[in-house]
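Me: I have a model open and would like to go through a few of its local features. Could you take my questions one at a time?

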Amino acid sequence: MTKDWNTNIYCLIGDPIEKSLSPKIHNYIFEANNINSVYVCFNINAKDLKSTLDSFKILGIEGFNVTIPHKIKIMSYLDEIDDEARYLGAVNTVKNVGGRFIGYNTDGLGFIKSLEDRNIDIINKDILILGAGGASHAISTKLALEGVNKIIILNRTLSKGKKLASEIHEKFDNVKLECDTLDNFYKYLDIDMIVNCTTIGMYPDIDSSPVDLSMFNNDIIVYDIVYKPIKTKLLHMAERMGMETIEGIDMLINQGLLSQKIWFNYEIDNLFKDVDELKKLLI
């Protein structure tokens, strides 16, 4: 579709945003649905976050996604926050409604959808979460809501991990919670799933892994929400050990589709037969 004066702008803000696949996903959906819009990326430093949102309002940006490291801080600058996003403790999608920016979260639903696509049952399971940032907030809270037995949060800064664990405990006193530093992962080997919510292994740091998988049993599921590269060092190690793996691209696509639903108020479940259809365009 030819872009003109009436083309609406959607975007991603974060730091860093190089190698992001979000423009490919959203621009493909725009083209497939004959929507006169374009999706771009902006690398925004944390100190410029508020002024960026002020500028977006002046420019009439219709909606945008939020990635590392702004998913929590941005909540302070929005006009309204959806109940789900407030409950999950982070925002990754913003919609412009009459000049007011409303924050939503599609990370939690996108994560759970990727598990459902594989018929993975997490009820009463023990989950090891690596990291305590915005994505970890959403995913950990969503897992608690879905009925896991135990959540173990490991973070490089222990105080951030403890804060997240405390917030989840206030909402779900029936879920067991433990917290420790990332270096002490070897104390928590008896788990059903690992979810990496850190940036360790993300481009350009592609030769790093947050944990040594050789210490775990090979019947666990390893989920790395990093999608730059598609297959991180953590996932390569997991595959060599015969573990079931899930790539971050699955969650990215799911949360992207959910963002589109928020922006345009329409159902697009039937746009793709499954996540793999869009995945082929990105790998």
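Reply: What follows covers one helix, one lysine and some backbone details of this model, which is predicted.

Me: Let us start with helix 6. Which of its residues are buried?

Reply: Gly 161, Leu 164, Ala 165 and Ile 168 are buried in helix 6. Viewed down the helix axis, the buried residues fall within an arc of 100°, so they line one face of helix 6.

Me: Why would residues spaced like that point the same way?

Reply: An α-helix has 3.6 residues a turn, so residues three or four places apart point the same way.

Me: And what covers the buried residues of helix 6?

Reply: The cover includes helix 5 (134–146), strand 8 (150–155) and strand 9 (176–181). On the face turned away from the buried side, helix 6 carries the exposed residues Lys 163 and Glu 170.

Me: What span should helix 6 have, and how far apart are its end C-alpha atoms?

Reply: Helix 6 has 14 residues (158–171), which at 1.5 Å a residue should span 20 Å; the end C-alpha atoms are 20 Å apart, so the two agree.

Me: Changing topic: where is Lys 95, and which side chain of opposite charge is nearest to Lys 95?

Reply: Lys 95 is in strand 5 (residues 93–97). The nearest side chain of opposite charge is that of Glu 62, 8.2 Å away; Lys 95 is buried and has no salt bridge.

Me: What does the side chain of Lys 95 reach, then?

Reply: The side chain of Lys 95 reaches the backbone oxygen of Ile 262 at 3.0 Å. Lys 95 also makes a side-chain to side-chain polar contact with Asn 265, at 3.2 Å. Leaving aside neighbours within four places in sequence, the residues in contact with Lys 95 include Arg 100, Phe 101, Tyr 104 and Trp 263.

Me: Now the backbone. Which peptide bond leading to Pro 204 or Pro 229 is cis, or are both?

Reply: Both are: the bond from Tyr 203 to Pro 204 is cis, with omega near 5°, and the bond from Lys 228 to Pro 229 is cis, with omega near 5°. Pro 204 lies in the loop between strand 10 (193–196) and strand 11 (221–224), while Pro 229 lies in the loop between strand 11 and helix 7 (233–240).

Me: What is phi of Asn 119, and is the residue buried or exposed?

Reply: Phi of Asn 119 is near 55°, a positive value in a residue other than glycine. Asn 119 counts as exposed because its relative accessibility is 73%, and exposed means over 50%.

Note on methods:
Residues are numbered from 1 along each chain as its sequence is written. This is a predicted model: local features need pLDDT of at least 70, side-chain atom pairs count only at pLDDT 80 or more; totals for chains, interfaces and linings use all residues. Side-chain values use heavy atoms; hydrogens and water are left out. Helices (H or I, at least four residues) and strands (E, at least two) are DSSP runs, numbered from the N terminus. The expected span of a helix is 1.5 Å times one less than its number of residues. Buried means under 20% relative accessible area, exposed over 50%, partly exposed in between (1.4 Å probe, protein chains only). The arc is that of the directions from the helix axis to the C-beta atoms. Contact means heavy atoms within 4.5 Å. Lys and Arg count as positive and Asp and Glu as negative; His and the chain ends are not counted. A salt bridge is a side-chain nitrogen of Lys or Arg within 4 Å of a carboxyl oxygen of Asp or Glu. A polar contact is a pair of N or O atoms within 3.5 Å; within protein, one must be able to donate a hydrogen and the other to accept it, and residues adjacent in sequence count only if both atoms are side-chain atoms.
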